[in-house]
Amino acid sequence: MESLDIDIEALIPHRGRMRLIDAVIAVDAERAVSSATVTKDWPLVREGSVDILVAIELVAQTAALLEGWKRLQSRRGGVTGWLVGIKSAAFRRPRVAVPATLITTASRSYALEGYAVFSGTVSSGAEVLADVQIQAFRPEDAG
């Protein structure tokens with residue numbers, strides 16, 4: 001899968017070990033698709049695999065990528081922090097072996113002022129590993 005030449009750190013606030021996204025596959029006003037390679041250095045890695053809970057963070061970072069890209073397009077700057085909560089999550093397996101390439105898709109379901117809900121999936125090859133819905137609040141946008 002080909003990736004776009006986009007500076008991820010210009011769009012999301014995550015750095016160091018907490019930046020899980022390696023590449024942007026697609027991004028537009030409606031959705032973002034990212035790629036991430038699971039390594040032994042990731043959070044939640046133990047005994048050669050990573051806990052599937054990391055799928056929540058992948059969806060959150062891909063949603064941040066989408067919003068950062070939209071902010072950059074509207075000339076408001078890209079990077080901004082969100083407070084994120086889990087609205088729903090369905091996991092197909094408990095762990096993912098290291099190494100693995102994960103593809104995450106995120107889209108905004110709805111938004112009101114500084115609050116938004118994003119839906120996303122995390123896949124490995126043709127297998128969907130997780131369906132996640134997060135709610136996000138951007139404090140600087142609040143009244």
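This report covers the fold, the surface, one glycine and the salt bridges of a predicted model.

## Fold and dimensions

The protein chain holds nine strands and one helix. Read from the N terminus, the order is β-β-β-β-α-β-β-β-β-β. The radius of gyration is 14 Å, close to the 15 Å given by the globule rule for 143 residues, so the protein chain is as compact as a globular protein of that length.

The C-alpha trace spans about 45 × 30 × 25 Å along its principal axes. Sequence-distant contacts carry much of the count. Of the contacts in the protein chain with a separation of 6 or more, 63% join residues 24 or more positions apart.

## Burial, surface and charge

How much of the protein chain is buried? Buried residues account for 42% of the 143 residues. The exposed area of the protein chain is about 7400 Å². Carbon and sulfur atoms supply 52% of that area.

Charged side chains number 16 positive and 17 negative. The centres of the two sets lie 2 Å apart.

## G85 in strand β5

G85 sits in strand β5, which covers residues 83–91. Is G85 buried or exposed? The answer lies between the two: its relative accessibility is 24%, so G85 counts as partly exposed. The cut-off for buried is under 20%, and for exposed over 50%.

Leaving out residues up to four places away in sequence, G85 touches I134 and Q135. E57 is another reference point for G85. The two are 28 residues apart in sequence, and their C-alpha atoms are 10 Å apart in space.

## Salt bridges across the chain

The count of salt bridges comes to seven. Two of the pairs described here link parts well separated in sequence.

D51 and R95 meet through their side chains in a salt bridge, at 3.8 Å from N to O. This pair links distant parts of the chain, 44 residues apart. D51 belongs to strand β4 (residues 49–51), and R95 to strand β6 (residues 95–97). D51 has 23% relative accessibility, so D51 counts as partly exposed.

R93 and E127 form another salt bridge, with an N to O distance of 2.6 Å. R93 lies in the loop between β5 and β6, while E127 is in strand β9 (residues 127–137), so the pair ties together parts 34 residues apart in sequence. Both partners fall in the partly exposed class. R93 has a relative accessible area of 32%. E127 has 34% relative accessibility.

## A neighbouring pair and a network

D41 forms a salt bridge with K40. The closest N and O atoms of this pair are 3.5 Å apart. How do the two residues stand towards the surface? K40 is exposed, with a relative accessible area of 65%. D41 counts as partly exposed, at 44% relative accessibility. The threshold for exposed is over 50%, so K40 passes it at 65%, whereas D41 at 44% stays in the class below.

Salt bridges also join in a network. Its members are E67, K70 and R108.

Note on methods:
Residues are numbered from 1 along each chain as its sequence is written. This is a predicted model: local features need pLDDT of at least 70, side-chain atom pairs count only at pLDDT 80 or more; totals for chains, interfaces and linings use all residues. Side-chain values use heavy atoms; hydrogens and water are left out. Helices (H or I, at least four residues) and strands (E, at least two) are DSSP runs, numbered from the N terminus. The radius of gyration is taken over C-alpha atoms; the globule rule is 2.2 Å times the number of residues to the power 0.38. Buried means under 20% relative accessible area, exposed over 50%, partly exposed in between (1.4 Å probe, protein chains only). Contact means heavy atoms within 4.5 Å. Accessible areas come from the Shrake-Rupley method with a 1.4 Å probe; for residues, only the protein chains shown count as cover. Lys and Arg count as positive and Asp and Glu as negative; His and the chain ends are not counted. The place of a charge is taken as NZ of Lys, CZ of Arg, CG of Asp or CD of Glu. A salt bridge is a side-chain nitrogen of Lys or Arg within 4 Å of a carboxyl oxygen of Asp or Glu.
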